[in-house]
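Work through the following exercises with the sequence and the structure side by side. Try each task before reading the solution that follows.

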Amino acid sequence: MPILGPNQYGKAENRVVKITRDGATHHIKDLNVSVSLSGDMAEVHLSGSNANVLPTDTTKNTVYAFAKEHGIESAEQFGIHLARHFVTSQPAIHRARIRIEEYSWERIEHGNEGAHSFVRKGQETRLTQVTYDGSSWEVVSGLKDLTVMNSTDSEFWGYVKDKYTTLPEAHDRVLATEVSARWRFNWTDDERDMPDWEASYGQVKQHMLQAFAETYSLSLQQTLYQMGARIIDNRDEIDEVRFSLPNKHHFLVDLTPFGLENDTADGAVYFAADRPYGLIEATVLRDGCEAKIPADLTNL
């Protein structure tokens, strides 16, 4: 006999742009918000009764209304407002998960009066997922599409070799990756003070980038660990960091057919290969903490 398993519903990818006008100076928050709700929803699946169903159109409207009523201080804070509302206002809803992507803008400096011209930043997409069950919170934030490169101070040698190995050892190579990272906060209940979400994001990103830049890398795995360790060591509000790092390979081009030596000592020409690529993934934890971020970040 079939039985109903875990289920949820909601409105995905609500695009919200909130412009705050502070006189002639304007501020932009640009979000993509997805709402997922679960709870006492068996009957709608089994009999088609909508008695406990809050329409997904209503969840969409709530997102826009809350952007006006509460503003958007941060992606995390906005997600917390929404999750609390859905769980506390609807008896049939026991758990709310809010996923948010945030797109950054920076000002275009110009001679005209006022500060209201912007250009979309192309560095990374900021992420957060807020989950609330009526008593406890889980906040996992992160970023994706942050491309970084070290043009030297990276090696790769001493690895296992078998009859299929053709890769030459490298004692001076380009190290590049597109960072996808999630970090879990240890704030879980309303009795504790919330982190400063904006400051935390900025500091985490800065520690990540500094670790990438300052690590003399013998493997991308080593660099990954240093990036996570630096966050754990410096940000007390975070207990877990999960990385997915594709190795953006740069191969020296063979220019000998043209009578040219492609020598890294004075600069070199590389072929940037987009695929296939090595994929390095790992979690860095605070000692004594349990890993809770999914191994597959595509599910988060």
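## Exercise 1: Two packed helices

In this predicted model, helix α4 passes helix α5 in a right-handed crossing. Describe how the axes of α4 and α5 lie to each other, and list the residues that make the contact.

Solution. Two packed helices are described by the angle between their axes and the distance between the axes. Start with the distance and the angle: the axes of α4, residues 197–214, and α5, residues 220–234, come within 8 Å and cross at roughly 140°. Because angles over 145 degrees count as roughly antiparallel and those from 65 to 115 as roughly perpendicular, while the rest above 35 are oblique, α4 is oblique to α5. Next, find the residues of the contact: α4 contributes Val-204, His-207, Met-208, Gln-210, Ala-211, Phe-212 and Glu-214, and α5 contributes Thr-223, Gln-226, Met-227, Arg-230, Ile-231 and Asn-234. Sorted by class, the contact of α4 with α5 holds six nonpolar, five polar and two charged residues.

## Exercise 2: Two residues in the helices

Decide whether Thr-223 is buried or exposed, do the same for Ser-200, and find what each of these residues touches.

Solution. Begin with Thr-223, which has its place in helix α5. Its relative accessible area is 1%, and because buried means under 20%, Thr-223 is buried. Leaving aside residues up to four places away in sequence, Thr-223 touches Leu-175, Phe-212, Thr-215 and Ser-217. Now turn to Ser-200, which is placed in helix α4. Ser-200 is likewise buried, with a relative accessible area of 1%. When residues up to four places away in sequence are again not counted, the residues that Ser-200 touches are Phe-185, Arg-235, Glu-237 and Ile-238.

## Exercise 3: The order of the sheet

Give the order of the eight strands in the open sheet, name its edges, and say which helices lie across it.

Solution. Strands of a sheet pair through backbone hydrogen bonds, either parallel or antiparallel. In this model the order is β1-β2-β3-β6-β7-β8-β9-β12, and the pairing is antiparallel. The edges are β1, residues 14–22, and β12, residues 278–285, each of which pairs on one side only. From one strand to the next, the twist averages 20°. As one example of a pair, take β7, residues 137–150, and β8, residues 175–185, which run antiparallel and are joined by nine bridges; within this pairing, Met-149 has Ala-176 in β8 as its bridge partner. Finally, look at the helices. Helix α3, residues 75–89, lies across β2, β3, β6 and β7, and runs at about 160° to β3. Helix α4 lies across β2, β6, β7, β8 and β9, and runs at about 35° to β7.

## Exercise 4: Strand β6 inside the sheet

Work out how β6 is joined to β3 and to β7, and how many residues of β6 are buried.

Solution. First count the bridges: seven join β3 to β6, and these strands run antiparallel, while eight join β6 to β7, which also run antiparallel. Then locate some partners: Ala-96 stands opposite Tyr-132 in β6, and Thr-125 has Lys-144 in β7 as its bridge partner. The strands β6 and β7 form a hairpin with four residues between them, and Gly-134 in the turn has a positive phi of about 100°. For the last step, recall that in a regular strand the side chains alternate between the two faces of the sheet. On one side of β6, Thr-125, Leu-127, Gln-129 and Thr-131 are buried, and on the other side Arg-126, Thr-128, Val-130 and Tyr-132 are buried, so that both faces are covered. Eight of the eight residues of β6 are buried, and therefore β6 is largely enclosed by the rest of the structure.

## Exercise 5: Unusual backbone angles

Find where Glu-13, Asp-153 and Pro-276 are placed, and describe the backbone there.

Solution. Most residues other than glycine have a negative phi, and most peptide bonds are trans. Glu-13, in the segment before β1, is not a glycine, yet has a positive phi of about 55°; with 56% relative accessibility, Glu-13 counts as exposed. Asp-153, found in the loop between β7 and β8, has a positive phi of about 60° and is not a glycine either; its relative accessible area of 38% makes Asp-153 partly exposed. Pro-276, in the loop between β11 and β12, is joined to Arg-275 by a cis peptide bond, with omega about -5°.

Conventions
Residues numbered from 1 in each chain as written. Predicted model: local features only at pLDDT ≥ 70, side-chain atom pairs only at ≥ 80, totals over all residues. Heavy atoms only, no water. Pairing = 2+ DSSP bridges. Axes fitted to C-alpha atoms, helices over the stretch in contact; angles between N-to-C directions. Contact = heavy atoms within 4.5 Å. Left-handed = near helix turned anticlockwise from the far one by under 90°. Nonpolar A, V, L, I, M, F, W, Y, C, P; charged D, E, K, R; others polar. Buried < 20%, exposed > 50% of the residue type's maximum accessible area, 1.4 Å probe, protein only.
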